[in-house]
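Me: Can we go through this one together? I'll throw quick questions at you as we look.
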Amino acid sequence: MKTLLQCGTILLCIVGLNVSAAAKEITVVAMNSFQPFVFSDANGEPTGIAVSVVTTLLEQADIKAGPITLYPLRRMMTLVSKEPNTLGFALFRNPKREHLYKWIVPVTLPVKSVLIRLKSRSDITVNTLEDAKHYLIGVVDGNNLHTFLKAAGFEDLDPVSTNDLNYKKLLAGRIDLFLTREPSVLTEFRQLGYSLDNIIVALQVRDDGPAWLVANLQTPEDVIAKLKTAYEKIKNEQLIEKITKKYY
């Protein structure tokens, strides 16, 4: 017959095991507005190309994870850099970010970055990136395009938390241009009820490559390895291409 002390010890062990198991559950966060890759559906649930890819990766890798939660970009990046066992997406690689995370796998196809203007603003002439310094440019606060322009010596920048604010400011004449990803503007502008006939690409700035799934530096290597193995499988099945076609 077990003593009360023995029972208490067993109970504490069980509780400890449960806490340990819970602590190992992976947290997944994403930026809150990056269409068509990450955004909220009509019910407020995360959806998009990258959401579908990451969900599939977690299932294929048999990794226990909580629901994907959306945050503004800066908040999401901070969470991934500071919280153990946290995954985040969809981030583009650059030298300043490289040491902050474990870069796991791409979760989008390669993406182009473009400067957008109103078609009616024929007074805006941008043949080179240097030409754009004469205009007020909208950017998403903290994203790598914002960082890119600051590093290139741009001073007239108007950072906002989400791209839809850039569209509103552009249409209201409060900014001259905004720098964004080409797939995003094609989907977001229409979804907000605006006509694509109102805007034009003023300049293709660069090819950014794909956006990535990243992890906190303390994330166990076996989790990273499982996700990379799962990625090779969906890559061979061209799953990212199939999901992308579905959203377009």
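Reply: Sure. One term up front: a polar contact is a pair of N or O atoms within 3.5 Å; within protein, one must be able to donate a hydrogen and the other to accept it, and residues adjacent in sequence count only if both atoms are side-chain atoms. The model is predicted, so local features need pLDDT of at least 70 and side-chain atom pairs pLDDT 80 or more, while totals for chains, interfaces and linings use all residues. Numbering starts from 1 along each chain as its sequence is written, and side-chain values use heavy atoms, without hydrogens and water.

Me: OK, what caps the N-terminal end of H4?
Reply: Asn 143 does, with a side-chain oxygen 3.2 Å from the backbone nitrogen of Leu 145. Helices (H or I, at least four residues) and strands (E, at least two) are DSSP runs numbered from the N terminus.

Me: And what follows H4?
Reply: Gly 153, with a positive phi near 95°.

Me: Which residues of H4 are buried?
Reply: Asn 144, Leu 145, His 146 and Leu 149, in a helix spanning residues 144–151. Buried is under 20% relative accessible area, exposed over 50%, partly exposed in between (1.4 Å probe, protein chains only). The cover over those H4 residues includes S7, S8, S9, S10 and S11.

Me: In what order do those strands sit in the sheet?
Reply: S9-S8-S10-S7-S11, an open sheet with mixed pairing; two strands pair if DSSP finds at least two bridges between them. S9 (157–160) and S11 (199–209) are the edges, each pairing on one side only.

Me: How many bridges join S7 to S11?
Reply: Eight, and the two strands run antiparallel. One pair is Leu 115 with Leu 203 in S11. Helix H5 (residues 163–171) packs on this sheet, touching S7, S8, S9, S10 and S11. Contact here is heavy atoms within 4.5 Å.

Me: Switching to Asn 166: buried or exposed?
Reply: Buried, because its relative accessibility is 0%. Asn 166 is in H5. Leaving out residues up to four places away in sequence, Asn 166 touches Gly 138, Val 139, Val 140, Asp 158, Val 160, Ile 175 and Phe 178.

Me: Last topic, how many residues are in the largest nonpolar core?
Reply: 49, with Leu 57, Leu 87, Phe 89, Val 107, Leu 213 and Leu 227 having the most contacts inside it. H2 gives the largest share, eight residues. Another core of 16 residues lies apart, including Val 126 and Leu 179. Such a core is a set of buried Ala, Val, Leu, Ile, Met, Phe, Trp, Tyr and Cys residues joined through side-chain atoms within 4.5 Å.

Note on methods. Axes fitted to C-alpha atoms, helices over the stretch in contact; angles between N-to-C directions.
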